[in-house]
Amino acid sequence: MTELAAVKTALKTQAVETPSWAYGNSGTRFKVFAQPGVPRNPREKLDDAAQVHAFTGAAPTVALHIPWDKVDDYGALAKYAQERGLKLGAINSNTFQDDDYRLGSICHPDAAVRRKALGHLLECVDIMDATGSKDLKLWFADGTNYPGQDDIRERQDRLAEGLAQVYERLGNDQRMLLEYKFFEPAFYMTDVPDWGTAYAHCLKLGPKAQVVVDTGHHAPGTNIEFIVATLLREGKLGAFDFNSRFYADDDLMVGAADPFQLFRIMYEVIRGGGFTPDVAFMLDQCHNIEAKIPAIIRSVMNVQEATAKALLVDGAALADAQRTGDVLAANAVIMDAYNTDVRPLLGEVREELGLDADPVSAYRRSGWGEKIAAERVGGQQAGWGA
C-alpha cells in the first residue's frame, strides 16, 4: 500500500461525535437568537445529526445531555437513532442548572445536595445501560468565587468520594470521562481546573476513568498538544471536546481561531497512538449566529483536514532531523505537512465512499434547511437548558 493510500484508509476510519445541544438554539448571557427549523425534541435533533453524517460520512454518533434530552424511553430513542444510521454516544450529565447547585454539586458543603447530584450521575449511568452508550462525560461547574468561601481540600475529598461511587456503578465496558475547565462560572477556584487535577482523580479511580481535553478550556498560551502527548503517554486520554476560542470558552467551530493548533494536536494524537476508537473525537460547540447544521458539517471537515495534514507528516525525515539536531529541518517537515492543501485528497476520500466531495454545498442543495424551517412550526424549540 502506498503512503497516500494508507492516509486515505486512515481517514475513512475517522469518526467525529456531534453534540445534540449544538443543533438547538444557543447564545450568550446577553441574548439567544432563535433560528427557523431548530429541533423541538431529541428525535428532531437526531434527524439533523443524520444529515451531518449523510454528507460527511464521519459523524456516526450523537452525544446526549441529560436532562436536556430527557425522554420516557431511552431504548426507543436508541432505536430511532439506529434507524437513521446513527448510534447514541456519550451521556453528558448536568449538575449546574439547578438552584440547589449554587454552591456546587458533588463538592457542595451540604450532604443533601451532594446526594442529589450523585443521584443524577447514577441516573445517567442507567441511561447508558438503556442506550448502549459506553461513555459518561462529567463536567462540574463546582468552585468558589472568594477566598475562604469553602475549604479547598475538603472539596477535593467530596469530589473524590462522589466520583468513586459513580465509578463503582459503571459496567465493565463503560468508562467515566472527566473534563476540566480552569474558570467559569467559578472565578476564584474551580474544583477540576486543569488536566493535572483530572488526571490525579482518574489515576486513583482506575482504568475506567480517563480525561477529556476540551480545547477551549485552557489559559491563553497553554500548550495543549503537550497535555495531549502526556495523557496519551500515561494511557489516560479518553476524549476531546473540539471547539475553538479567541478569549476563553468561546465554543466556536473547531479550527476557526487557530487551525495550526488543531493540526499540532492531531499530530500528537497520531504520534502517540491515539488515532483509535479508544479516544473519542467529540464536538462541543454553540452556534449562536451561524446556521447549525452547516456549521457542524464545517467543524467535522475541519477536524478531517487537520487529521489529513497530521497523517502527511514525514515521520522518517522528522526523526532524522531530530536525531541530528537540525532544528530548521525538523520544523520544515512539520510546516510542509501543515501547508499542504488536503482538500482535494479529502474530496477523493469522500467520493470513494460514495459521497459528494463538498459536503457543505451538497447539504445546501439537499433542501433540508428549507424543509425543516417549513415543517418545524409551533412547539418549543430546543435550546440551552431545554
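**Ring pairs, salt bridges and pockets**

Phenylalanine 240 is buried, with a relative accessible area of 0%. Its partner, phenylalanine 242, is likewise buried, also at 0%. These values, like those below, come from a predicted model. A pair of aromatic rings is described by the distance of the centres and the angle of the planes. For phenylalanine 240 and phenylalanine 242, the centres are 4.8 Å apart and the planes meet at 10°, so the pair is stacked. The cut-off for stacking is an angle under 30 degrees.

The structure contains 14 aromatic pairs. Another of them joins phenylalanine 96 to tryptophan 139. Here the geometry is edge-to-face, with 5.3 Å from centre to centre and 65° between the planes. The two residues come from distant parts of the chain, 43 residues apart. Phenylalanine 96 sits in the loop between S3 and helix H4 (111-131). Tryptophan 139 sits in the loop between S4 and S5. Phenylalanine 96 is partly exposed, at 22% relative accessible area. Tryptophan 139 has 17%. The limit for a buried residue is under 20%, so tryptophan 139 counts as buried. Both residues belong to one aromatic cluster, together with Trp21 and Trp68.

Tryptophan 139 also appears at the largest pocket. This pocket holds about 1300 Å³ of space. Its lining comprises 44 residues. Trp139, Lys181, Glu184, Pro185 and Trp384 lie nearest the centre. Two elements give two or more residues to this lining: strand S4 (135-138) and strand S5 (143-144). By class, the lining divides into 16 nonpolar, 14 polar and 14 charged residues.

The second largest pocket has a volume of about 630 Å³. It is lined by 28 residues. Nearest its centre are Ala15, Glu17, Thr61, Gly89 and Pro277. Strand S1 (16-19), H3, S3 and strand S10 (280-283) each contribute at least two lining residues. S3 gives the largest share, with four residues. Twelve of the lining residues are nonpolar, nine are polar and seven are charged.

Charged side chains were examined next. The whole structure has 31 salt bridges. One of them pairs glutamate 348 with lysine 8, at 2.8 Å from N to O. This contact links distant parts of the chain, 340 residues apart. Glutamate 348 lies in helix H12 (residues 343-352), and lysine 8 lies in helix H1 (residues 3-12). The two partners differ in exposure. Glutamate 348 is partly exposed, with a relative accessible area of 37%. Lysine 8 is buried, at 13%.

A second salt bridge connects aspartate 47 and arginine 84. Their closest N and O atoms are 3.0 Å apart. Aspartate 47 belongs to helix H2 (residues 42-56), while arginine 84 is in the loop between helix H3 (74-83) and strand S3 (87-92), so the bridge ties together parts 37 residues apart in sequence. Aspartate 47 is buried at 15% relative accessibility. Arginine 84 is partly exposed at 31%. Arginine 84 has a further contact. Its charged end sits over the ring of tyrosine 80, 3.4 Å from the ring centre. Lysine 309 makes a contact of this kind with tyrosine 338. In that case the charged end is 4.5 Å from the ring centre.

A third salt bridge brings arginine 155 and aspartate 150 together, at 2.8 Å from N to O. Arginine 155 is buried, with a relative accessible area of 1%. Aspartate 150 has a relative accessibility of 19%. The limit is under 20%, so aspartate 150 too counts as buried. This bridge is part of one network, in which shared partners join Asp150, Glu154, Arg155, Arg158 and Asp191.

Conventions. Residues are numbered from 1 along each chain as its sequence is written. This is a predicted model: local features need pLDDT of at least 70, side-chain atom pairs count only at pLDDT 80 or more; totals for chains, interfaces and linings use all residues. Side-chain values use heavy atoms; hydrogens and water are left out. A salt bridge is a side-chain nitrogen of Lys or Arg within 4 Å of a carboxyl oxygen of Asp or Glu. Buried means under 20% relative accessible area, exposed over 50%, partly exposed in between (1.4 Å probe, protein chains only). On a 1 Å grid over the protein atoms alone, a cavity is a set of points where a 1.4 Å probe fits but cannot get out, and a pocket is an open set with protein on both sides within 12 Å along at least five of seven lines; lining residues have an atom within 4 Å of a point. Grid points are joined across faces, edges and corners, and a volume is the space filled by probe spheres set on the points. Ala, Val, Leu, Ile, Met, Phe, Trp, Tyr, Cys and Pro count as nonpolar, Asp, Glu, Lys and Arg as charged, and the others, Gly among them, as polar. Rings of Phe, Tyr and Trp (its six-membered ring) pair if their centres lie within 6.5 Å; planes under 30 degrees apart count as stacked, over 60 as edge-to-face and the rest as tilted. A charge sits over a ring if NZ of Lys or CZ of Arg is within 6 Å of the ring centre and within 35 degrees of the ring normal.
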